[in-house]
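This report walks through one protein chain, from a single glycine to the fold as a whole and then to its side chains. Please keep the sequence and the model at hand while reading.

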Amino acid sequence: MTLADKYTDASFWLKLGNYAKKAGLAVVERALYLYYAAQRPETPAWAKTIIYGALAYFIMPIDVIPDFIPLAGYSDDLGALAGALGLVSLYINDEVKQRARQTLARWFGPVKGKS
């Protein structure tokens, strides 16, 4: 079983809902880009495997740097999400970015430079 096999939509939304403010805008934005890119039928299976692997790492309760550590807790999650974004960036189109911005605005309010 791979890390991507441990991913579920329900656990993704639960983690984001509970920790969005604590994780911060950068982490949440990247997670949403990946999530919405994976929802696109045009995104190939290899890219979805990378995406779900990164999102699974994000939602796992145990990781390299525990999430409860102030300031550093989500840095490894951010690195995993950023690495995945680099690999699948062709599938992060304007529609994906717009959907992420709408979700960010609901959780964080208007975000400067993200309108």
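A convenient place to begin is Gly24, which follows helix H1 and has a positive phi, near 95°. The model is a predicted one, and the descriptions below should be read with that in mind.

Helix H1 covers residues 9–23, and helix H2 covers residues 25–39. The protein chain as a whole contains 5 helices and 0 strands, so that, read from the N terminus, the order of its elements is α-α-α-α-α. Of its 115 residues, 43% count as buried, and its accessible surface amounts to about 6300 Å², with 62% of that area belonging to carbon and sulfur atoms. Among the contacts with a separation of 6 or more, 67% are made by residues that lie 24 or more positions apart.

**Two helices, two spans**

H1 departs from a straight helix: 15 residues at 1.5 Å a residue would span 21 Å, yet the end C-alpha atoms of H1 span only 18 Å. The helix also bends, by about 45°, at Gly17. H3, by contrast, has 15 residues that should span 21 Å, and its end C-alpha atoms are indeed 21 Å apart, in agreement with that expectation.

Phe12, Lys15, Leu16, Ala20 and Ala23 are buried in H1, and the cover over the buried residues of this helix includes H2, H3 and helix H5, which runs over residues 94–108. An α-helix has 3.6 residues a turn, so residues three or four places apart point the same way. The buried residues of H3, which occupies residues 45–59, are Ala47, Ile51, Tyr52, Gly53, Ala54, Leu55, Ala56, Tyr57, Phe58 and Ile59.

**Aromatic rings**

How many aromatic pairs does the count give? The count comes to 9 aromatic pairs. One of them joins Trp13 and Tyr36 in a tilted arrangement, with 6.4 Å from centre to centre and 55° between the planes. Because Trp13 lies in H1 and Tyr36 in H2, this pair ties together parts that are 23 residues apart in sequence. Trp13 is partly exposed, with a relative accessible area of 28%, whereas Tyr36 counts as buried at 7% relative accessibility. Tyr36 also pairs with Tyr35, and because the ring centres are 5.3 Å apart and the planes stand at 75°, this pair is edge-to-face. Tyr35 is buried, as is Tyr36. Ring pairs link Tyr7, Phe12, Trp13, Tyr35, Tyr36, Tyr52 and Trp107 into a cluster.

**Two buried leucines**

Leu32 is placed in helix H2, and Leu104 in helix H5. With its neighbours within four places in sequence left aside, Leu32 is in contact with Phe12, Trp13, Leu16, Ala100, Thr103 and Leu104. Leu104, with residues up to four places away in sequence not counted, touches Leu25, Val28, Glu29, Leu32 and Gly109. Pairs that are far apart along the chain can also be followed through their C-alpha atoms: Leu32 and Leu81, 49 residues apart, are separated by 9.8 Å, while Leu104 and Glu29, 75 residues apart in sequence, are 7.0 Å apart in space.

The table gathers the relative accessibility of residues discussed in this report.

| Residue | Relative accessibility | Class |
|---|---|---|
| Leu32 | 0% | buried |
| Leu104 | 1% | buried |
| Tyr36 | 7% | buried |
| Arg40 | 13% | buried |
| Trp13 | 28% | partly exposed |
| Glu42 | 52% | exposed |

**The salt bridge**

Which side chains meet in a salt bridge? A search of the whole structure finds 1 salt bridge, and the side chains of Arg40 and Glu42 meet in it at 3.4 Å, N to O. Arg40 lies in the loop between H2 and H3. Arg40 counts as buried because its relative accessibility, 13%, is under 20%, whereas Glu42 is exposed because its relative accessible area, 52%, is over 50%. Apart from neighbours within four places in sequence, the contacts of Arg40 are with Lys48, Tyr91, Asn93 and Val96.

Note on methods
Residues numbered from 1 in each chain as written. Predicted model: local features only at pLDDT ≥ 70, side-chain atom pairs only at ≥ 80, totals over all residues. Heavy atoms only, no water. Helix = DSSP H or I, 4+ residues; strand = E, 2+ residues; numbered from the N terminus. Buried < 20%, exposed > 50% of the residue type's maximum accessible area, 1.4 Å probe, protein only. Contact = heavy atoms within 4.5 Å. Areas by Shrake-Rupley, 256 points an atom, 1.4 Å probe, with all protein chains shown as cover. Salt bridge = Lys/Arg side-chain N within 4 Å of Asp/Glu carboxyl O. Phe/Tyr/Trp six-rings, centres within 6.5 Å; stacked < 30°, edge-to-face > 60°. Expected span 1.5 Å × (residues − 1). Bend = angle between axes of the 7 residues up to and from the residue.
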